[in-house]
Amino acid sequence: MSNAEKGSLYEEALKTLREAAAILKLEPEIVDAIANPEQALIVSIPIKMDNGKVKTFTGYRVHHSTARGPAKGGIRYHPNVCLDEVKSLAFWMSIKNAVVGIPYGGGKGGIACNPKEMSQGELERLTRGYSAAIARFVGSDIDIPAPDVGTNAQIMGWFADEYYKIAGKHEPGVITSKPLSIGGSLGRVTATGRGGFFVTVEAAKAFNIPLKGARVSIQGYGNVAQPIAQYLHELGCKIVAVSDSVGGVYNPEGMDPLKLVEYKEKTRSVKGFPESKEISTNDPLTVDCDILVPSALENQITKENADKIKAKIIVELANGPTTPEADKILQEKGVIVLPDVLANAGGVTVSYFEWVQNRMGYYWTEEEVDEKLKHVMTKAFKEVYEIAKQYKINLRTAAYTLAVKKIFEAMQALGRI
Ligand code: NAD
């Protein structure tokens, strides 16, 4: 079922905004001003397919908010992309960027297409067509895209090249997560996992959960999960369960995260990893563990399985892994949820560092990037935690409260409300 058929994802997305607005005692008219996207662009992109026929794709780019800075958010290539989904994703970016305090608003874009069924040539023509169609809507001081589901560093490179031709200048800050050879940042590849790690360390201190010997379970052993597994392992945690879309493995004594990566690279899955018991793709959610890291897709922790979760702490590296019903069950059980808008914000934070370096024309070492990321993530956790204590609310509502307050103050300072 596509998002368009499920009813409005955007209306769902606004529910936590309304909770935060109630805590801040904002009037309904103000909430509308904060909630509604500023601008939405819909474009048609006809391209020649490899079979010689023309096919027309629909692309989107939404600026949810530019009150705190230029719009910033990824580009998604997926068959379910529609305006409602892009609006929701853009809204979440406004929240995420405000939570970690980087000087951006929120934006998002996408094309309804299936990149898995397209050749490299078709993807390049589609990306160049999209870049040309939205060129007047983006720019390093306007809106800065990045990758999301179905897009990667190569697609960023094609997008940038087409934009440079139209703009008639080199402007690497127009897009982030570029390959290193054209102005990408060191540390970007591991940034989301690294940021999640810093937040986990702070949360463990705040809630008195010892990390040495803590058992970690991970659903979705991909880009964001592999680095956090390694960092937690180095701290003395045991990686007891991991899975991917093919299957999962469990060993209560712990598994070596790097060996799991090597095995997955060879066989394309963690399934069958030696000295482990086979489990299903979803079993990591409910195995006996202390820290659960959902790192696959949205809506994985639901009202059907939330009650079976044994972890003390959930680190949401995936976007939207927990449904609102499941969130309530977890709260009643006393499970600490480190919300996606905080836990996975390390990726956009290092994208911000890339943009800063592009604008300076001067590049930092990996150590410098890491130190700055640690500072941003640690500070954001502490701010969210203080709000949670002050209003006696969970960390998700606290993160939204922090973000909505910052967006509100920026809109007020600009005289927009
Ligand atoms: P990825 O494709 O590298 O990894 C996802 C992994 O999940 C893959 O190993 C896949 O096999 C597995 N998977 C898919 N369906 C599964 C299922 N039903 N059960 C178990 N495993 C399953 O993607 P990624 O870049 O690591 O992104 C993962 C999540 O993190 C997404 O929700 C994404 O939006 C979010 N995120 C990513 C970044 C980033 O910087 N890459 C930043 C913020 C948020």
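**Questions on a predicted model**

User: Which residues does Asp244 touch, not counting residues up to four places away in sequence?

Analyst: This is a predicted model. Asp244 sits in the loop between strand E8 (238-243) and strand E9 (248-255). Leaving aside residues up to four places away in sequence, the residues that Asp244 touches are Tyr221, Lys264, Arg268, Ser269, Val270 and Thr281.

User: Which backbone nitrogen does the side chain of Asp244 reach, and at what distance?

Analyst: The side chain of Asp244 makes a polar contact with the side chain of Lys264 at 3.1 Å. The side chain of Asp244 also reaches a backbone nitrogen, that of Val270, at 2.8 Å.

User: Is Asp244 buried or exposed?

Analyst: A residue counts as buried under 20% relative accessible area. Asp244 has a relative accessible area of 8%. Asp244 is therefore buried.

User: Is Arg136 buried or exposed?

Analyst: Arg136 lies in the loop between helix H4 (120-134) and strand E6 (143-144). The term exposed applies over 50% relative accessible area. Arg136 has a value of 65%, so Arg136 is exposed.

User: What distance separates the C-alpha atoms of Arg136 and Ile166?

Analyst: Arg136 and Ile166 are 30 residues apart along the chain. In space, their C-alpha atoms are separated by 9.2 Å.

User: Which strands stand at the edges of the sheet formed by E1, E2, E5 and E4, and why is one side of each left without a neighbour?

Analyst: The four strands form an open sheet with mixed pairing, in the order E1-E2-E5-E4. Each edge strand has a single partner strand, so one side of it has no neighbour in the sheet. The edge strands are E1 (39-48) and E4 (75-78).

User: How many bridges join E1 to strand E2, and which residue in E2 stands opposite Ala40?

Analyst: Strand E1 and strand E2 (residues 54-65) run antiparallel. They are joined by 10 bridges. The residue in E2 opposite Ala40 is Val62.

User: Which helix lies across E1, E2, E4 and strand E5?

Analyst: The helix in question comprises residues 83-99. It runs at about 150° to E5 (106-112). This helix is H3.

User: What is the radius of gyration of the chain, and what would a compact globule have?

Analyst: The C-alpha trace spans about 55 × 55 × 45 Å along its principal axes. With 417 residues, a compact globule would have a radius of gyration near 22 Å. The chain agrees with this, at 21 Å.

Notes: Residues numbered from 1 in each chain as written. Predicted model: local features only at pLDDT ≥ 70, side-chain atom pairs only at ≥ 80, totals over all residues. Heavy atoms only, no water. Pairing = 2+ DSSP bridges. Helix = DSSP H or I, 4+ residues; strand = E, 2+ residues; numbered from the N terminus. Contact = heavy atoms within 4.5 Å. Axes fitted to C-alpha atoms, helices over the stretch in contact; angles between N-to-C directions. Rg over C-alpha atoms; globule rule 2.2 N^0.38 Å. Buried < 20%, exposed > 50% of the residue type's maximum accessible area, 1.4 Å probe, protein only. Polar contact = N/O pair within 3.5 Å; in protein donor to acceptor, adjacent residues only side chain to side chain.
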